[in-house]
Protein chains: 2
Amino acid sequence: MDQIFKALANQSRREVMDKIFARDGQTLSELCEIASFSRQAVSKHLQILEDAGLVVTHWSGREKLHYLNPAPVHEISERWLKKYARRQMTAISALKETLEK
Amino acid sequence: MDQIFKALANQSRREVMDKIFARDGQTLSELCEIASFSRQAVSKHLQILEDAGLVVTHWSGREKLHYLNPAPVHEISERWLKKYARRQMTAISALKETLEK
DNA sequence: TTGACATGCAACCTTTCAGTTGCATATAAT
DNA sequence: ATTATATGCAACTGAAAGGTTGCATGTCAA
């Protein structure tokens with residue numbers, strides 16, 4: 001869980017995820033195209049995403065293909081965010097009242 | 001957005017949030033009770049949460065009261081996670097098929 | 001079989017992060 | 001008035017994060 005949050009905490013990694021989201025099965029080289037930094041840096045980011053279970057890989061010859069795994073995102077959404085987001089409706093007005101006391 | 005993700009990326013901060021979640025309006029001292037580290041550390045964490053908009057504060061005399069603001073969590077859920085979580089249903093079986101090719 | 005391409009591994013550097021300690025300030029209680 | 005309580009601010013430290021460079025390895029193509 002901590003691993004997933006940490007993996008998502010970096011802008012570059014979220015961009016990489018967005019690029020995979022756009023088209024599943026891209027190689028490392030393809031994913032490097034958008035990046036403003038080196039292949040090794042992208043590779044490290046992908047490793048972190050993979051360790052967190054957010055990305056799944058598959059070798060095809062000398063190419064490493066990258067696929068998104070939405071399960072961890074879904075899990076965080078279910079187990080953690082929902083708890084807080086549920087307060088969304090009533091919280092703001094209640095908060096205002098409290099603060100005005 | 002980046003600020004919110006970064007704020008959530010730390011276990012201690014999520015624990016602090018959980019404690020506020022349990023009862024809104026706790027003081028800094030109260031929030032320190034659960035923590036395994038110094039008041040200053042907790043204070044720093046709260047500042048980061050506050051900067052990210054996740055926590056709202058209110059002074060009452062010499063005491064600083066802390067309230068949860070679920071809006072940013074909700075926003076992340078809506079604007080970012082939903083996009084990925086939506087794939088949840090079909091993704092796994094599709095992924096398996098792809099990988100078996 | 002030689003050369004080009006796709007990737008991995010490891011050492012290194014700089015910046016950020018999480019936490020500490022020490023001191024200052026403001027409010028409450030005696 | 002004095003003391004205790006609640007908090008803030010700033011400097012410091014060790015560890016982790018994000019990135020780089022250089023070299024090694026495995027696979028495809030000519």
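Tutor: Let's start with a rule: two strands pair if DSSP finds at least two bridges between them. Keep in mind that this is a predicted model.

Student: What makes E2(A) and E3(A) a pair?

Tutor: Six bridges join strand E2 (residues 55-60) of chain A to strand E3 (residues 63-68) of chain A. The rule asks for at least two, so E2(A) and E3(A) count as paired. The two strands run antiparallel, and A:Ser60 stands opposite A:Glu63 in E3(A).

Student: How many residues sit between E2(A) and E3(A) in their hairpin?

Tutor: Two residues lie between them, and A:Gly61 in that turn has a positive phi of about 65°.

Student: How do you know that E2 (residues 55-60) and E3 (residues 63-68) of chain B pair up?

Tutor: Use the cut-off again. Six bridges link E2(B) to E3(B), antiparallel, and at least two are needed, so E2(B) and E3(B) pair. B:Val55 stands opposite B:Leu68 in E3(B). This hairpin has two residues between its strands, with B:Gly61 in the turn at a positive phi of about 65°.

Student: On to helices. Why are H5(A) and H2(B) called oblique?

Tutor: H5(A) and helix H2 (residues 11-22) of chain B pack at an angle of about 40°, with their axes 12 Å apart. Roughly parallel means under 35 degrees, and roughly perpendicular means 65 to 115. The angle of about 40° fits neither range, so H5(A) and H2(B) are oblique to each other. The crossing of H5(A) past H2(B) is left-handed.

Student: What is the count of cavities of 30 Å³ or more?

Tutor: One. The largest cavity has a volume of about 40 Å³.

Student: Which residues line the largest cavity?

Tutor: From chain A you get A:Phe5, A:Leu8, A:Ile76 and A:Leu81, and from chain B you get B:Phe5, B:Leu8, B:Ile76 and B:Leu81. Helix H1 (2-8) and H5 of each of chains A and B give two or more residues to this lining.

Student: How does the lining of the largest cavity divide into nonpolar, polar and charged?

Tutor: Eight nonpolar, no polar and no charged. Phe, Leu and Ile count as nonpolar, so the residues named in the lining fit that tally.

Student: And what does the lining of the largest pocket hold, by class?

Tutor: Three nonpolar, four polar and five charged residues. The largest pocket has a volume of about 210 Å³, and A:Ser77, A:Lys82, B:Ser77, B:Glu78 and B:Lys82 lie nearest its centre. Helix H5 (71-85) of chain A and helix H5 (71-85) of chain B are the elements giving two or more residues to the pocket's lining.

Notes. Residues are numbered from 1 along each chain as its sequence is written. Chains are lettered from A and ligands numbered from 1 in the order in which they are written. This is a predicted model: local features need pLDDT of at least 70, side-chain atom pairs count only at pLDDT 80 or more; totals for chains, interfaces and linings use all residues. Side-chain values use heavy atoms; hydrogens and water are left out. On a 1 Å grid over the protein atoms alone, a cavity is a set of points where a 1.4 Å probe fits but cannot get out, and a pocket is an open set with protein on both sides within 12 Å along at least five of seven lines; lining residues have an atom within 4 Å of a point. Grid points are joined across faces, edges and corners, and a volume is the space filled by probe spheres set on the points. Helices (H or I, at least four residues) and strands (E, at least two) are DSSP runs, numbered from the N terminus. Axes are lines fitted to C-alpha atoms, for helices over the stretch in contact, and angles run from 0 to 180 degrees between N-to-C directions. Angles under 35 degrees count as roughly parallel, over 145 as roughly antiparallel, 65 to 115 as roughly perpendicular and the rest as oblique. A crossing is left-handed if the near helix is turned anticlockwise from the far one by less than a right angle, and right-handed if clockwise.
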